[in-house]
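Work through these exercises with the model open. Try each task before you read its solution.

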Amino acid sequence: MISVMTTPSTHTIDIAFIGGGNMATAIIGGLLRQGRAPSSILVIDPVADQRQRLSDSLGVQTQAGPDERLSQARTVVWAVKPQQFKEAAQTYAKLTAGALHYSVMAGLRSDDIARLLSTPRVVRAMPNTPALVGQGMTGLYARPEVSTDERQAIAHMVEPTGQSVWVNQEADLDAVTALSGSGPAYVFYFIEAMVQAAQDMGLSEAQGRQLALATFGGATTLASQSSDSPSVLREKVTSKGGTTHAALTHLESNGVKTSFVAAMRAAQHRAGELGDEFGR
Ligand SMILES: NC(=O)c1ccc[n+]([C@@H]2O[C@H](COP(=O)([O-])OP(=O)(O)OC[C@H]3O[C@@H](n4cnc5c(N)ncnc54)[C@H](OP(=O)(O)O)[C@@H]3O)[C@@H](O)[C@H]2O)c1
């Protein structure tokens, strides 16, 4: 049985985070909600304010740099920026050689992570920002050397941050990145447009925001609870000659759907390019 499935003693480090920013904070919050002892979690981060915030608000152990306690960790979560990884790997690889490595770093491929850490036991994830409010979506890929128990333990660790989905080929994480990774920004963009339109039509910004947010929340809940596909749900509210029909006809004639699909392909392509760049 591996680390994240066991109840650690209060003095032994069970799981370590390299980088203690937003993503690490979201995962740590979930681990604590699952009942893990804060003293079993070590966070390494060079930023004093970051360490203070983590130890004050979450009670975890913190350190500014290399620390012998790292070698106790059976799971190491990599949550630094991708461009910071190479240098960090040189610093921490020896101390974390026996651990299962879990990376949330965007773009960095597991081959490169494994090479720079000299271990094949790597799970790579693509989370998104709604993880900060427990509504995230995480794409997961495990290298073949990762056991079934370890995969389950990682899925368990991610559970409090939202949903997760495993992909069998690592290249599919580029599509996950284009969809759920960058996806919150598309939703925010769409909400911005709705609020702008609301103001053009004489409503206040606050009214537009409330209407747009409630519509997004309500429509996505309806779509996730309905047995109808999104297309059928759309058709059900689009009477010929009606208001929704007028809006959708305008969107279609301006190629919005085609452009949206192309935009996501651009994001997928960029994810691949970043993987090449960061892996060098
Ligand atoms: N936030 C998201 O929505 C999101 C979504 C998907 C994936 N990710 C991925 O998650 C990772 C973390 O993102 P984040 O938003 O949490 O980043 P962040 O807030 O910038 O946190 C990263 C932290 O790691 C610290 N750090 C830098 N080098 C280090 C080292 N050698 N050892 C230990 N700590 C070090 C940074 O310090 P400095 O400030 O001094 O550099 C910073 O405090 C990124 O790779 C990102 O691609 C994030």
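**Exercise 1.** Which residues of helix α3 (residues 85-92) are buried?

Solution. First, some ground rules. This is a predicted model, where local features need pLDDT of at least 70, side-chain atom pairs count only at pLDDT 80 or more, and totals for chains, interfaces and linings use all residues. Residues are numbered from 1 along each chain as its sequence is written, and side-chain values use heavy atoms, with hydrogens and water left out.

- Step 1. Find the helix. Helices (H or I, at least four residues) and strands (E, at least two) are DSSP runs, numbered from the N terminus.
- Step 2. Apply the cut-offs. Buried means under 20% relative accessible area, exposed over 50%, and partly exposed in between (1.4 Å probe, protein chains only).
- Step 3. Read off the result: F85, A88, A89 and Y92 are the buried residues of α3.
- Step 4. Look down the axis of α3. Its buried residues fall within an arc of 105°, so they line one face of the helix. The arc is that of the directions from the helix axis to the C-beta atoms.
- Step 5. Recall the general rule. An α-helix has 3.6 residues a turn, so residues three or four places apart point the same way.

**Exercise 2.** Name the exposed residues on the face of α3 turned away from its buried side, then find what covers the buried residues.

Solution.

- Step 1. The face turned away carries E87 and Q90, both exposed.
- Step 2. The cover over the buried residues includes β1 (15-18), β2 (41-44), β4 (75-78) and α4 (110-117). Contact here means heavy atoms within 4.5 Å.

**Exercise 3.** Where does T161 sit, and what does it touch?

Solution.

- Step 1. T161 is in the loop between α5 (148-158) and β8 (162-166).
- Step 2. T161 is buried, with a relative accessible area of 4%.
- Step 3. Set aside neighbours within four places in sequence. T161 then contacts residues including A26, I27, P130 and T138.
- Step 4. Check the side chain. A polar atom of the T161 side chain lies 2.6 Å from the backbone oxygen of V158.

**Exercise 4.** Place A142 and list its contacts.

Solution.

- Step 1. A142 belongs to strand β7 (residues 136-142).
- Step 2. A142 is buried, at 9% relative accessible area.
- Step 3. Not counting residues up to four places away in sequence, A142 touches V122, V123, R151 and W166.
- Step 4. Now compare with T238. A142 and T238 are 96 residues apart in sequence and 43 Å apart in space, C-alpha to C-alpha.

Note on methods. Polar contact = N/O pair within 3.5 Å; in protein donor to acceptor, adjacent residues only side chain to side chain.
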